[in-house]
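Here are my notes on this one, point by point. Have the model open while you read.

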Amino acid sequence: MNNNNSNSNWKFGFGILLGAAAGYWLNSDQGRRTIDQAKTSAQDYSRQAAEYARQAGDYARQTADDLNRQANTLIENSRGTLNQVSNRFDEAKENVIQRFSNQVDETAENVTDAVDETENKIQKGINRARKTVNHAVETV
(Lines give C-alpha, C1' and ligand atoms only; values in the text may rest on other atoms or scores of the structure.)
Protein backbone atom coordinates (compact mmCIF):
# COMPACT_ATOMS: atom_id res chain seq x y z
CA MET A 1 0.00 0.00 0.00
CA ASN A 2 2.88 2.25 0.77
CA ASN A 3 4.33 1.66 -2.70
CA ASN A 4 1.00 2.47 -4.33
CA ASN A 5 0.64 5.64 -2.26
CA SER A 6 4.11 6.96 -3.16
CA ASN A 7 3.43 6.16 -6.84
CA SER A 8 0.28 8.32 -6.67
CA ASN A 9 2.19 11.13 -4.98
CA TRP A 10 4.83 11.03 -7.64
CA LYS A 11 2.13 11.26 -10.37
CA PHE A 12 0.42 14.11 -8.55
CA GLY A 13 3.71 16.01 -8.19
CA PHE A 14 4.54 15.47 -11.83
CA GLY A 15 1.05 16.77 -12.78
CA ILE A 16 1.59 19.91 -10.71
CA LEU A 17 4.95 20.53 -12.40
CA LEU A 18 3.46 20.04 -15.87
CA GLY A 19 0.56 22.37 -15.01
CA ALA A 20 2.95 25.04 -13.71
CA ALA A 21 5.14 24.72 -16.81
CA ALA A 22 2.08 24.95 -19.11
CA GLY A 23 0.82 27.99 -17.16
CA TYR A 24 4.24 29.67 -17.37
CA TRP A 25 4.53 28.89 -21.10
CA LEU A 26 0.94 30.06 -21.87
CA ASN A 27 1.69 33.30 -20.02
CA SER A 28 4.85 33.92 -22.08
CA ASP A 29 4.84 35.88 -25.37
CA GLN A 30 5.00 32.70 -27.43
CA GLY A 31 2.19 31.13 -25.35
CA ARG A 32 -0.01 34.21 -25.83
CA ARG A 33 0.67 34.10 -29.59
CA THR A 34 -0.31 30.44 -29.61
CA ILE A 35 -3.53 31.25 -27.70
CA ASP A 36 -4.26 34.13 -30.10
CA GLN A 37 -3.63 31.83 -33.09
CA ALA A 38 -5.92 29.22 -31.57
CA LYS A 39 -8.62 31.85 -31.02
CA THR A 40 -8.19 33.14 -34.58
CA SER A 41 -8.35 29.59 -35.97
CA ALA A 42 -11.45 28.86 -33.88
CA GLN A 43 -13.10 32.06 -35.13
CA ASP A 44 -12.14 31.21 -38.73
CA TYR A 45 -13.59 27.70 -38.38
CA SER A 46 -16.71 29.17 -36.80
CA ARG A 47 -17.10 31.61 -39.72
CA GLN A 48 -16.54 28.79 -42.23
CA ALA A 49 -19.11 26.62 -40.48
CA ALA A 50 -21.61 29.52 -40.49
CA GLU A 51 -20.91 30.12 -44.20
CA TYR A 52 -21.37 26.43 -45.03
CA ALA A 53 -24.63 26.42 -43.06
CA ARG A 54 -25.79 29.55 -44.92
CA GLN A 55 -24.86 28.01 -48.28
CA ALA A 56 -26.66 24.78 -47.38
CA GLY A 57 -29.74 26.80 -46.36
CA ASP A 58 -29.60 28.78 -49.62
CA TYR A 59 -29.27 25.57 -51.61
CA ALA A 60 -32.20 24.00 -49.75
CA ARG A 61 -34.34 27.12 -50.35
CA GLN A 62 -33.36 27.23 -54.03
CA THR A 63 -34.09 23.53 -54.46
CA ALA A 64 -37.47 23.92 -52.75
CA ASP A 65 -38.28 26.93 -54.95
CA ASP A 66 -37.26 25.00 -58.08
CA LEU A 67 -39.42 22.04 -57.07
CA ASN A 68 -42.31 24.37 -56.32
CA ARG A 69 -41.97 26.01 -59.76
CA GLN A 70 -41.80 22.62 -61.45
CA ALA A 71 -44.87 21.43 -59.56
CA ASN A 72 -46.76 24.60 -60.51
CA THR A 73 -45.73 24.14 -64.15
CA LEU A 74 -46.98 20.55 -64.10
CA ILE A 75 -50.24 21.67 -62.51
CA GLU A 76 -50.72 24.39 -65.13
CA ASN A 77 -49.89 21.97 -67.94
CA SER A 78 -52.35 19.49 -66.49
CA ARG A 79 -55.01 22.18 -66.33
CA GLY A 80 -54.31 23.07 -69.96
CA THR A 81 -54.51 19.45 -71.00
CA LEU A 82 -57.67 18.97 -68.99
CA ASN A 83 -59.19 22.05 -70.64
CA GLN A 84 -58.23 20.71 -74.08
CA VAL A 85 -59.83 17.36 -73.30
CA SER A 86 -62.93 19.10 -71.99
CA ASN A 87 -63.14 21.30 -75.10
CA ARG A 88 -62.72 18.28 -77.39
CA PHE A 89 -65.39 16.44 -75.45
CA ASP A 90 -67.75 19.43 -75.82
CA GLU A 91 -66.99 19.60 -79.56
CA ALA A 92 -67.64 15.86 -79.97
CA LYS A 93 -70.88 16.17 -77.97
CA GLU A 94 -72.06 19.06 -80.16
CA ASN A 95 -71.08 17.09 -83.27
CA VAL A 96 -73.11 14.07 -82.11
CA ILE A 97 -76.09 16.27 -81.24
CA GLN A 98 -75.90 17.99 -84.64
CA ARG A 99 -75.69 14.67 -86.49
CA PHE A 100 -78.59 13.25 -84.51
CA SER A 101 -80.63 16.41 -85.15
CA ASN A 102 -79.83 16.25 -88.89
CA GLN A 103 -80.84 12.59 -89.03
CA VAL A 104 -84.09 13.32 -87.18
CA ASP A 105 -84.83 16.20 -89.59
CA GLU A 106 -84.02 14.00 -92.61
CA THR A 107 -86.20 11.18 -91.25
CA ALA A 108 -89.04 13.63 -90.60
CA GLU A 109 -88.78 14.90 -94.19
CA ASN A 110 -88.81 11.33 -95.52
CA VAL A 111 -91.84 10.47 -93.39
CA THR A 112 -93.62 13.65 -94.54
CA ASP A 113 -92.84 12.79 -98.17
CA ALA A 114 -94.07 9.22 -97.66
CA VAL A 115 -97.27 10.47 -95.97
CA ASP A 116 -97.87 12.97 -98.81
CA GLU A 117 -97.26 10.27 -101.42
CA THR A 118 -99.59 7.86 -99.62
CA GLU A 119 -102.22 10.61 -99.32
CA ASN A 120 -101.96 11.31 -103.06
CA LYS A 121 -102.33 7.61 -103.86
CA ILE A 122 -105.37 7.37 -101.58
CA GLN A 123 -106.86 10.47 -103.20
CA LYS A 124 -106.27 9.00 -106.69
CA GLY A 125 -107.89 5.77 -105.53
CA ILE A 126 -110.88 7.70 -104.19
CA ASN A 127 -111.16 9.65 -107.45
CA ARG A 128 -111.03 6.44 -109.52
CA ALA A 129 -113.63 4.84 -107.27
CA ARG A 130 -115.93 7.90 -107.75
CA LYS A 131 -115.51 7.72 -111.47
CA THR A 132 -116.31 4.04 -111.44
CA VAL A 133 -119.35 4.57 -109.21
CA ASN A 134 -120.50 7.53 -111.32
CA HIS A 135 -120.04 5.61 -114.51
CA ALA A 136 -121.91 2.64 -113.05
CA VAL A 137 -124.75 4.93 -111.96
CA GLU A 138 -124.93 6.52 -115.40
CA THR A 139 -125.09 3.19 -117.11
CA VAL A 140 -127.81 1.95 -114.88
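**Notes on the model**

1. Let me start with a contact: Arg-61 and Asp-58 form a salt bridge, with the closest N and O atoms 2.6 Å apart. Bear in mind that this is a predicted model. Both residues lie in helix H2, three residues apart, or about one turn of the helix. Arg-61 is exposed, at 52% relative accessible area, whereas Asp-58 counts as partly exposed at 29%.

2. Asp-58 has another partner. It also forms a salt bridge with Arg-54, and here the closest N and O atoms are 2.5 Å apart. Arg-54 and Asp-58 are four residues apart in helix H2, again about one turn. Arg-54 is partly exposed, with a relative accessible area of 42%. Add Glu-51 and you have a network of salt bridges linking Glu-51, Arg-54, Asp-58 and Arg-61.

3. Where else should you look for a salt bridge? Try Asp-29 and Arg-32, whose side chains meet at 3.1 Å, N to O. These two sit three residues apart in helix H2, about one turn of the helix. Asp-29 counts as exposed because its relative accessibility is 53%, while Arg-32, at 40%, is partly exposed. The total count comes to eight salt bridges.

4. Now the overall fold. The protein chain has two helices and zero strands, and helix H2 covers residues 29-139. The radius of gyration is 55 Å, where a compact globule of 140 residues would have one near 14 Å. Along the principal axes, the C-alpha atoms fill a box of roughly 175 × 45 × 5 Å.

5. How much of the chain is buried? Just 1% of the 140 residues. The protein chain exposes about 12,700 Å², and carbon and sulfur atoms supply 56% of that area.

6. For a sense of spacing, take Ser-46 in helix H2. Its C-alpha atom is separated by 30 Å from that of Leu-18, which is 28 residues away along the chain. Ser-46 counts as partly exposed, at 46% relative accessibility.

7. Finally, charge. The protein chain carries 17 positive and 19 negative side chains, and the centres of the two sets lie 11 Å apart. There is also a surface patch of negative charge, where Asp-105, Glu-106, Glu-109, Asp-113, Asp-116 and Glu-119 gather. Asp-116, one of that patch, is found in helix H2 and is partly exposed, with a relative accessible area of 37%.

Conventions
Residues numbered from 1 in each chain as written. Predicted model: local features only at pLDDT ≥ 70, side-chain atom pairs only at ≥ 80, totals over all residues. Heavy atoms only, no water. Patch = residues over 30% accessible without salt bridge, like charges linked within 9 Å, V, L, I, M, F, W, Y side chains within 5 Å. Areas by Shrake-Rupley, 256 points an atom, 1.4 Å probe, with all protein chains shown as cover. Salt bridge = Lys/Arg side-chain N within 4 Å of Asp/Glu carboxyl O. Lys, Arg positive; Asp, Glu negative; His and termini not counted. Charge placed at Lys NZ, Arg CZ, Asp CG, Glu CD. Buried < 20%, exposed > 50% of the residue type's maximum accessible area, 1.4 Å probe, protein only. Rg over C-alpha atoms; globule rule 2.2 N^0.38 Å.
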